[in-house]
Amino acid sequence: MLKTRKPPKATPLQRGPAARSRLGRWLLGRPERGLQGRLVRLHLLVLCAMTLLLVLVQTGQGYREARQRLGERALTTSRIVAQLPVVYSGAARGGANPDLNTQVNSLLDESGADFIVAGDQHGLRLAHPIPERLGKPMEGGDNALPLSGREVVSVARGSLGVSVRGKVPIWQGGVAGSRVVGVVSTGYLMPQAWHLVADSLLRLMPWFLLALALGWLGAVWTARRLRAEILNLEPEEIAALAQQQQAVLAALREGVIAVNAAGNVTLVSDRAAEQLGDSPLPAPLQRAWPELAQSVHVPQPSRQQNLELTLGGQVVLVNVEPLAGGGFVAGFRDREEALALADELTHARGFVDVLRAQTHEYQNRLHVLSGLLQLGRSEEALQVLNAEILSDAQFRQLLRDVQVPKLVALLLGKRERATELGIDFQVVEGSHLSPMWERHADTLVSAVGNLTQNAFEALAGQRGQVTVSIGEDPEGMQVEVCDSGSGVDEALLQTLFTRGASSKGEGRGYGLVGVYERVLGLGGDLRYTRRGHQTVFLVSLPAPLHSPKDSPQGGVLWP
């Protein structure tokens with residue numbers, strides 16, 4: 001069983017721009033830009049943020065790669081310098097050596113390094129780009145490993161600044177594995193590392209710009225596509241429509257449910273929720289309303305009108321309207337309420353027809369009287385007037401014992417309508433009905449009104465006779481409507497009291513069924529038969545003080 005969910009709390013978008021956060025307003029921009037402009041703006045901001053993140057990642061990776069490359073170059077240069085005879089012999093002797101300093105510094109341009117420093121086993125400089133610093137201790141604190149015979153790449157701050165340095169030991173006599181007599185340090189200051197990173201980013205810049213351009217084009221296309229999918233509506237318009245939809249569903253007296261192509265109920269009105277019961281949405285239609293699920297082909301349903309189904313023990317009329325994307329919307333209402341409303345409309349239309357017929361007939365009579373008086377034939381005018389008065393008085397005299405005012409008013413109106421159509425309308429003399437039937441006046445008016453109207457239509461504009469007989473006995477009352485028409489088509493006899501059965505075309509065949517059901521609801525009976533050349537419909541109702549018949553059965557009586 002289903003229960004409609006409470007309307008969700010209004011989102012910031014539904015509450016309007018004032019409720020949005022500053023971050024949201026900054027990201028999406030002003031509503032005046034429209035959905036497309038705001039989506040493109042947001043998409044570009046995301047792309048820029050992603051691009052910036054990629055630049056940072058690439059910078060970090062480039063920096064690590066630059067340090068690795070410069071460290072390898074520094075080690076290679078340091079190895080070459082440590083193998084020079086002047087270097088390992090000078091390191092073994094110790095002390096200042098101008099030739100060693102000159103030869104080592106001459107290698108700076110060839111290696112591209114910022115400095116090459118040689119030191120003895122005590123860490124005192126033997127070669128340095130700045131002669132004034134010769135003989136002073138090497139800085140950086142990273143000589144321990146080289147002096148122990150191991151090569152190392154490090155980043156440290158020396159006398160020239162922070163640099164990437166490759167340090168190797170100087171072996172005695174240039175023979176690896178012998179005694180360490182000194183250390184060679186080749187370094188590249190950090191600006192060189194960042195220069196390599198910048199070169200790498202500049203090479204990638206065209207690709208970043210291309211990605212931004214493609215992202216912008218994709219954002220524009222996506223925004224246009226999305227806007228087309230939502231019927232060119234702005235978010236504020238969609239929120240307003242959702243609120244209006246909730247209000248409309250709450251105001252509807254009919255039950256309304258929406259079912260998607262998968263056969264799940266996705267939306268219910270308040271009235272529908274009362275009858276379908278408790279269950280969260282979405283819910284399978286097969287579980288919520290099995291009879292509807294069996295009557296409608298869910299993926300591609302067809303339009304159906306006034307489909308009679310049962311819901312919660314009540315008979316309801318269902319209208320099914322298919323949706324373009326699959327699924328359908330179904331509206332349903334209680335059949336008894338619909339029939340009552342139809343009866344009221346029928347009565348109203350009947351009274352309108354009666355008034356129109358009376359007006360038309362009285363105008364004709366007044367025209368006749370006026371013409372006779374203008375011609376000076378006052379005697380003939382008086383005769384016409386007396387004849388009309390007498391005819392009306394006689395007809396009213398026939399109805400004097402019918403003490404249900406609504407029924408009398410209906411019969412008077414039907415007489416006027418019959419006169420307009422050229423039909424002889426009669427009420428059988430002796431017709432009577434006591435006041436206790438006033439409680440069933442609406443049913444009697446509906447039954448007699450429908451049967452006499454059908455009799456008028458059966459004569460199809462031809463001259464004929466329609467007779468109404470009304471009577472009662474201790475068991476109940478009977479109304480008989482006879483006409484001289486051709487009767488019911490034999491093809492309809494078996495389905496005469498079935499909804500939609502009619503020889504008058506589509507959209508007909510509901511009035512007689514409505515009368516039949518109302519009469520049966522009171523424990524009465526409605527029957528059809530042919531009596532000679534006359535068509536007869538007989539309505540029977542049990543006395544109001546008596547219990548209804550146990551199993552009333554209407555139908556067709558064969559002559």
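The exercises below, each with a worked solution, concern a predicted model.

**Exercise 1. The annotated span**

Task: State which residues the "transmembrane region" annotation covers, and describe the secondary structure of that span.

Solution. Start with the record. The unreviewed UniProt entry places its "transmembrane region" annotation on residues 39-57. Then turn to the model. The span is 100% helix and 0% strand. Its end C-alpha atoms are 27 Å apart.

**Exercise 2. The five-stranded sheet**

Task: Give the strand order of the open sheet of five strands and identify its edge strands.

Solution. Read the order across the sheet. It is β2-β1-β5-β4-β3, with antiparallel pairing. Now look for strands that pair on one side only. These are β2 (125-127) and β3 (152-158), the edge strands. From one strand to the next, the twist averages 35°.

Next, take one pair inside this order. Six bridges link β1 (residues 115-120) with β5 (residues 180-189), in the antiparallel sense. As a register mark, use Ala118, which stands opposite Val184 in β5.

**Exercise 3. Helices on the strands**

Task: Which strands do helices α4 and α5 lie across, and at what angles do they run?

Solution. Take α4 (residues 85-93) to begin with. This helix lies across β1, β2, β4 (161-171) and β5. Relative to β5, α4 runs at about 120°. Now take α5 (residues 98-105). That helix lies across β1 and β2. Its angle to β2 is about 60°.

**Exercise 4. The six-stranded sheet and a hairpin**

Task: Trace the order of the open sheet of six strands, then examine the hairpin of β9 and β10.

Solution. The order is β8-β7-β6-β11-β10-β9, and the pairing is antiparallel. At the edges stand β8 (283-284) and β9 (304-311). Each has a single partner strand, so one side of each lacks a neighbour in the sheet.

Move to the hairpin. β9 and β10 (residues 314-322) run antiparallel and are joined by six bridges. Leu309 has Val316 in β10 as its bridge partner. Two residues lie between the strands of the hairpin, where Gly312 takes a positive phi near 60°.

Finally, check for a positive phi in a residue other than glycine. Asn306 has one, near 55°. Asn306 lies in strand β9. Its relative accessibility is 26%, so Asn306 counts as partly exposed.

**Exercise 5. Nonpolar cores**

Task: Describe the largest nonpolar core: how many residues, which of them have the most contacts, and which elements contribute?

Solution. The core has 41 residues. Leu407, Leu411 and Leu433 have the most contacts inside it. Next, list the elements that give two or more residues. They are α15 (405-421), β12, α16, β13 (465-473), β14 (476-483), α17 (511-521), β15 (525-531) and β16 (534-542). The largest share comes from α16, with nine residues.

Now zoom in on Leu407. Set aside its neighbours within four places in sequence. Leu407 is then in contact with Val402, Leu433, Leu444, Val445, Val448 and Ile470.

There is also a second, separate core, with 24 residues. Among them are Trp289, Ala293, Val298 and Leu311.

**Exercise 6. Aromatic pairs**

Task: Count the aromatic pairs, then classify Phe425 with Phe456 and Tyr528 with Phe537.

Solution. Rings pair if their centres lie within 6.5 Å. By this rule the count is three aromatic pairs.

Test Phe425 and Phe456. Their centres are 6.1 Å apart, with 70° between the planes. Planes over 60 degrees apart count as edge-to-face, so that label fits this pair. Now place the two residues. Phe425 sits in strand β12 (residues 424-427) and Phe456 in helix α16 (residues 441-459), so the pair ties together parts 31 residues apart in sequence. To judge burial, use the limit of under 20% relative accessible area. Phe425, at 6% relative accessibility, counts as buried. Phe456 is buried too, with a relative accessible area of 4%.

Test Tyr528 and Phe537. Here the centres are 5.1 Å apart and the planes stand at 45°. This pair is tilted. Tyr528 has a relative accessible area of 4% and is buried. Phe537 counts as buried at 11% relative accessibility.

Key. Residues are numbered from 1 along each chain as its sequence is written. This is a predicted model: local features need pLDDT of at least 70, side-chain atom pairs count only at pLDDT 80 or more; totals for chains, interfaces and linings use all residues. Side-chain values use heavy atoms; hydrogens and water are left out. Rings of Phe, Tyr and Trp (its six-membered ring) pair if their centres lie within 6.5 Å; planes under 30 degrees apart count as stacked, over 60 as edge-to-face and the rest as tilted. Helices (H or I, at least four residues) and strands (E, at least two) are DSSP runs, numbered from the N terminus. Buried means under 20% relative accessible area, exposed over 50%, partly exposed in between (1.4 Å probe, protein chains only). A nonpolar core is a set of buried Ala, Val, Leu, Ile, Met, Phe, Trp, Tyr and Cys residues joined through side-chain atoms within 4.5 Å. Contact means heavy atoms within 4.5 Å. UniProt positions are given in the numbering used here, feature names are shortened, and annotations may be inferred rather than shown by experiment. Two strands pair if DSSP finds at least two bridges between them. Axes are lines fitted to C-alpha atoms, for helices over the stretch in contact, and angles run from 0 to 180 degrees between N-to-C directions.
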